[in-house]
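Let's take a walk through a protein fold together. Keep the picture open, and turn it around as you read.

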Amino acid sequence: MTGKQLTIVSINGPYRDEAIFTMMRLAHAAKEKGITVNFFNYLDATMTAHRDQAPKEFPPIETIFGTIVKKGIKKPKAHAIACIKCTDARGVTKYQTEGVIIGGLYDLGEWTAESDKTILLG
């Protein structure tokens, strides 16, 4: 399955429900099969990659998500974009974890056109 591409669009915040964990499990399974994974964090999901999270009762999602993105340098790749309008609205544009690029809906449109599958979680 080389050359396949999956785009995962996430809209919920990291501690709201299981969507973020589902996204990460799905990405891991896709990468195991050699599929390139694109993450597009939209709306409250832009908080997923917010650096220096310190939740009291949950694992720090940024650390887990950041590890997946950083490992994406190897094949198959993992790319991550956070929506500029959404990060600006939440004041987290400058606080995204390493490897997350600030972009927009045009990027999502390109990924959707290039991807074999696009999934929305939220």
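**Starting from one residue**

Find Gln 5, which sits in strand β1. Keep in mind that you're looking at a predicted model. Is Gln 5 buried or exposed? Buried counts as under 20% relative accessible area, and Gln 5 comes in at 18%, so it is buried. If you skip the neighbours within four places in sequence, Gln 5 is in contact with Ile 35, Thr 36, Asn 38, Trp 111, Glu 114, Ser 115, Asp 116 and Lys 117.

Now zoom out to the whole of β1, residues 5–10. How many of its residues are buried? The count is 6 of the 6, so the strand is largely enclosed by the rest of the structure. Look along β1 and you'll see its side chains go two ways: Gln 5, Thr 7 and Val 9 point one way, while Leu 6, Ile 8 and Ser 10 point the other, and all of them are buried.

So what lies beside this strand? One partner is β2 (residues 36–41), which pairs with β1 in the parallel sense over 6 bridges. The other pairing to look at is with β5 (residues 117–121), again in the parallel sense, over 5 bridges. Val 9 is a handy spot to see both pairings: its bridge partner in β2 is Phe 40, and its bridge partner in β5 is Leu 120.

Next, put the full sheet together. In which order do the strands line up? They go β4-β3-β2-β1-β5, making an open sheet of 5 strands with parallel pairing. β4 and β5 stand at the edges with a single partner strand each, so one side of each has no neighbour in the sheet. The sheet isn't flat like a board, either: on average, neighbouring strands are turned by 25° against each other, direction ignored. Between β2 and β3, which run parallel, there are 5 bridges. You can spot that pairing where Val 37 stands opposite Ala 78 in β3.

Time to add the helices. Helix α1 packs on the sheet, where it touches β1, β2, β3 and β5, and its direction makes about 175° with that of β1. Together, β1, α1 (residues 19–32) and β2 make a right-handed β-α-β unit.

Then there's helix α2, residues 61–71. Which of its residues are buried? They are Ile 61, Glu 62, Phe 65, Gly 66, Ile 68 and Val 69. These residues cover an arc of only 160° around the axis, which puts them on the same side of α2. Here's some background for that pattern: an α-helix has 3.6 residues a turn, so residues three or four places apart point the same way. What covers the buried residues of α2 includes α1, β2, β3 (78–83) and β4 (100–103).

Helix α4 (residues 105–114) holds Thr 112. With a relative accessible area of 38%, Thr 112 is partly exposed. Trace the chain from Thr 112 to Asn 38 and you cover 74 residues, yet their C-alpha atoms are separated by 9.6 Å.

Now hunt for a salt bridge. How many are there? The count comes to 1. It joins the side chains of Arg 90 and Asp 44, at 2.8 Å from N to O. This pair links distant parts of the chain: Arg 90 belongs to helix α3 (residues 84–90), Asp 44 to the loop between β2 and α2, and they are 46 residues apart. Arg 90 is partly exposed, with a relative accessible area of 31%, and Asp 44 is partly exposed too, at 34%.

Stay in that loop for a last stop. Leu 43 is found in the loop between β2 and α2, and its phi is near 55°, a positive value in a residue other than glycine. Leu 43 is partly exposed, with a relative accessible area of 35%. Asp 52 is also found in the loop between β2 and α2, and here phi is near 65°, again positive in a residue other than glycine. Is Asp 52 buried or exposed? At 71% relative accessibility, Asp 52 counts as exposed.

Note on methods:
Residues numbered from 1 in each chain as written. Predicted model: local features only at pLDDT ≥ 70, side-chain atom pairs only at ≥ 80, totals over all residues. Heavy atoms only, no water. Buried < 20%, exposed > 50% of the residue type's maximum accessible area, 1.4 Å probe, protein only. Helix = DSSP H or I, 4+ residues; strand = E, 2+ residues; numbered from the N terminus. Pairing = 2+ DSSP bridges. Right-handed = clockwise from strand over helix to strand, strands pointing away. Arc of directions from axis to C-beta. Contact = heavy atoms within 4.5 Å. Salt bridge = Lys/Arg side-chain N within 4 Å of Asp/Glu carboxyl O. Axes fitted to C-alpha atoms, helices over the stretch in contact; angles between N-to-C directions.
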